[in-house]
Amino acid sequence: MVYTIVVHMRAKPGADNIAKLHAKLNEASAIYSKDKETISWFVMQSVHDPQDFTIVERYENEGSQKYHLGNPYWKTFDPYVVPLLEKPMDLRRFEELVPKEGEEALLKQ
């Protein structure tokens, strides 16, 4: 089952903070996308507010995070990113939905 982590972060005000976070997230995506058992590692910026960013990390399973956390780059990420943030990261963990038996019948009720 695909294991997904969604991280929302908000940069401190100021073009310099936004630009630095933007650059670091692009760098992180290029590095982490190559980790073993990583399906995808996407970074996004809000079309409504340039201070708002989101990361969507998709792994083959929950245990796949060990490769991400074991990547030497991981130790450099938080020390660089956290000082650029207006508030703490909002990290949420999910398992992607898969069809369940009988589910289609519920939609016909």
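**Close-up views of a predicted single-chain model**

Pro79 lies in helix H3. This residue belongs to a predicted model, and the legends below treat that model view by view.

**Figure 1. Pro79 in helix H3.** With a relative accessible area of 55%, Pro79 is exposed, since the cut-off for that class is over 50%. Tyr67 stands twelve residues from Pro79 in sequence. In space, the C-alpha atoms of Pro79 and Tyr67 are 19 Å apart.

**Figure 2. Overall architecture of the chain, with four helices and four strands.** From the start of the sequence to its end, these elements follow the pattern β-α-β-β-α-α-β-α. The radius of gyration is 17 Å, whereas the globule rule gives 13 Å for 109 residues, so the chain is more spread out than a compact globule. The C-alpha trace spans about 55 × 35 × 20 Å along its principal axes. Of the 109 residues, 33% are buried. Among contacts with a separation of 6 or more, 71% are made by residues 24 or more positions apart.

**Figure 3. Surface and charge of the chain.** The accessible surface comes to about 7,200 Å². Carbon and sulfur atoms account for 58% of that surface. The chain carries 14 positive and 17 negative side chains. The centres of these two sets of charges lie 4 Å apart.

**Figure 4. The aromatic cluster formed by Tyr32, Trp41 and Tyr73.** A search of the whole structure gives two aromatic pairs. In one of them, Tyr32 and Trp41 have ring centres 4.8 Å apart and planes at 50 degrees, a tilted arrangement. Tyr32 and Trp41 are both buried. The rings of Tyr32 and Tyr73 also pair: their centres are 5.4 Å apart and the angle between their planes is 75 degrees, so this pair is edge-to-face. An angle over 60 degrees is what places a pair in that class.

**Figure 5. Sequence setting and burial of the Tyr32–Tyr73 pair.** The rings of Tyr32 and Tyr73, with centres 5.4 Å apart, link distant parts of the chain, the two residues being 41 residues apart. Tyr32 is in helix H1 (residues 15-32). Tyr73 is in the loop between helix H2 (65-70) and helix H3 (74-81). Tyr32 has a relative accessible area of 1% and is therefore buried. Tyr73 also counts as buried, at 11% relative accessibility, because the cut-off for burial is under 20%.

**Figure 6. Backbone geometry at Glu37, in the loop between H1 and strand E2 (38-45).** The phi angle of Glu37 is near 65 degrees. This is a positive value in a residue other than glycine. Most residues other than glycine have a negative phi.

**Figure 7. Surroundings of Gln65 in helix H2.** At 11% relative accessibility, Gln65 counts as buried. Neighbours within four places in sequence are left aside in this view. The remaining contacts of Gln65 are with Tyr3, Ile5, Tyr59 and Arg93.

**Figure 8. Surroundings of Glu57 in strand E3 (residues 52-59).** Glu57 has a relative accessible area of 6% and is buried. When neighbours within four places in sequence are set aside, Glu57 is in contact with Tyr3, Thr4, Ile5, Val7, Ser40, Trp41 and His68. Trp41 is also a member of the aromatic cluster with Tyr32 and Tyr73. Although Glu57 and Val6 are 51 residues apart along the chain, their C-alpha atoms are separated by 6.4 Å.

**Figure 9. Surroundings of Phe94 in strand E4 (residues 90-95).** Phe94 is partly exposed, with a relative accessible area of 42%. Residues up to four places away in sequence are not counted among its contacts, and Phe94 then touches Val2, Tyr3, Thr4 and Val6. Tyr3 and Thr4 are also among the contacts of Glu57. The C-alpha atoms of Phe94 and Glu62 are separated by 9.4 Å. Along the chain, Phe94 and Glu62 are 32 residues apart.

Terms used
Residues numbered from 1 in each chain as written. Predicted model: local features only at pLDDT ≥ 70, side-chain atom pairs only at ≥ 80, totals over all residues. Heavy atoms only, no water. Rg over C-alpha atoms; globule rule 2.2 N^0.38 Å. Buried < 20%, exposed > 50% of the residue type's maximum accessible area, 1.4 Å probe, protein only. Contact = heavy atoms within 4.5 Å. Areas by Shrake-Rupley, 256 points an atom, 1.4 Å probe, with all protein chains shown as cover. Lys, Arg positive; Asp, Glu negative; His and termini not counted. Charge placed at Lys NZ, Arg CZ, Asp CG, Glu CD. Phe/Tyr/Trp six-rings, centres within 6.5 Å; stacked < 30°, edge-to-face > 60°.
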